[in-house]
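Please open the structure in your viewer and keep the selection tool at hand. This tour suggests what to select at each stop and then says what is there.

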Amino acid sequence: MAIGVGLRIGRVVSTAVVASNEPGTQDPVVIARDTVLHIDEDGTTSLGSRPSDNEARTLAGFLARVGEPAGVTASDGRVYRAEDAMATAIQCLLNETQPLPAFGGADDGSEPGYTATYPSHWDSDSVASLRAALDYAELRHVDLASDAQGAATWYASEISESPGQLIGVFHIDDAGSTVTLVRSGVPAGKAFRVPTKGAPSPASQLATALGSFGWLPPNLDAVVVMGDGLVARDRSRIQEIANSISTKLTVRTLVGPGPEQTAALGAAILAAGFVPARETNSARIGLPPSYDQTDVLTGGLARIRAQEMLEAGENDIVAARLLAVQPADDDEDEVAVENAEDDTDSPPRKPLIPILIGVVLIVVLLLAFLL
């Protein structure tokens, strides 16, 4: 097949990539949307941050709850299975890729390939739940691969000079980090998940993962660093992590495109028929636009955080207020969240003028006493 469609549902941003492995074709087409499902009164669903006039409810925070019996609660109180919500989000992304561009085989009758990624630290039950949800949604043609497989495929296709190499993938998100070793395109055993609190350095995490399989840093061809969530928007922090790994392990380290787009791009490369174990980079697909250049709709972050607050039973009043107001852009989004945090965590602010008057009176009394 000549065209591959890669899909990734992230905590904050979800991405679809359409790529071709035909020489001379254009760079991948990238579509990015906030991970917030909007459900209209008639059941129509869309992914992004722009609600329609007849929106009935919104749904967010479902990525981390796939496979959980309790499901995820929408803004109006309805409960959905998280894996069904994720399958719906994937379908929404697929709808936005249509019609496929007329390059690299779309106009000669060849069938495109489709691959969606999932968090590398998921257990087999979570993956099976998503697979069943996709099948139920008539998306059996969508293959599944881990984020790490996608990132390793991007490296094998675009950077590596020889196939079948051992690649380390360091994936940081807002809750922790995941280290996965991928050899010849296949994960070498279970991924290592490390929570943020008390976590050792990224280099130490990679060294521990290598040691568990009897490998050393020199066995690595490279390390790919990628991110998800809010931390992924701090490109300088992601680059600092990559620099520290490169220095301490003396290994080639790269920050993937986006860096949230890396797995989706790799998924598109996989879907186009690339085999990391035996193919070289002789026919590169090319890099997608950077994060700043991608059409990323903003405003969904407040709703995502509010959904998480509702699920955790934290301050329902603030969460309801956030869900009821749709911010227009990132700046307003951050202001809404900061104000909500001030309401819940910070003590009331004392008026400044009364404090100054009190200080002046104390100083006057002290001077009068001393004199």
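**Stop one: a buried pair**

Begin by selecting Asp147 and Arg8, which form a salt bridge whose closest N and O atoms are 3.1 Å apart. The model you are looking at is a predicted one, and the distances given on this tour are computed from its atoms. The pair links distant parts of the chain, since Asp147 lies in helix H3 (residues 147–158) while Arg8 lies in strand E1 (residues 3–8), and the two are 139 residues apart. If you turn on a surface display, bear in mind that Asp147 is buried and that Arg8 is buried as well.

Now keep these two residues selected and add a third, Asp228, for Arg8, Asp147 and Asp228 are linked in a network of salt bridges.

**Stop two: pairs that are partly exposed**

How many salt bridges does a search of the whole structure find? The search finds 11, and two more of them can be visited here.

Select Asp76 and Arg78, whose side chains meet in a salt bridge with a distance of 3.7 Å from N to O. Are these residues buried, exposed or partly exposed? Asp76 has a relative accessibility of 37%, and because the partly exposed class runs from 20% to 50%, Asp76 belongs in it. Arg78, at 47% relative accessibility, also counts as partly exposed.

Next select Arg81 and Asp84, where the side chains again meet in a salt bridge, this time with 3.0 Å from N to O. Arg81 is partly exposed, with a relative accessible area of 46%, and Asp84, at 25% relative accessibility, counts as partly exposed too.

**Stop three: two packed helices**

For the last stop, it helps to know that two packed helices are described by the angle between their axes and the distance between the axes. Select helix H4 (residues 202–212) together with helix H5 (residues 235–249), which pack at an angle of about 55° with their axes 8 Å apart. Because of that angle, H4 is oblique to H5, and the crossing of H4 and H5 is right-handed.

To see where the helices touch, show the side chains of Pro202, Ala203 and Leu206 in H4, which meet Ile241, Ile245, Lys248 and Leu249 in H5. The residues of this contact between H4 and H5 divide into six nonpolar, no polar and one charged.

Key
Residues numbered from 1 in each chain as written. Predicted model: local features only at pLDDT ≥ 70, side-chain atom pairs only at ≥ 80, totals over all residues. Heavy atoms only, no water. Axes fitted to C-alpha atoms, helices over the stretch in contact; angles between N-to-C directions. Helix = DSSP H or I, 4+ residues; strand = E, 2+ residues; numbered from the N terminus. Parallel < 35°, antiparallel > 145°, perpendicular 65-115°, else oblique. Left-handed = near helix turned anticlockwise from the far one by under 90°. Contact = heavy atoms within 4.5 Å. Nonpolar A, V, L, I, M, F, W, Y, C, P; charged D, E, K, R; others polar. Salt bridge = Lys/Arg side-chain N within 4 Å of Asp/Glu carboxyl O. Buried < 20%, exposed > 50% of the residue type's maximum accessible area, 1.4 Å probe, protein only.
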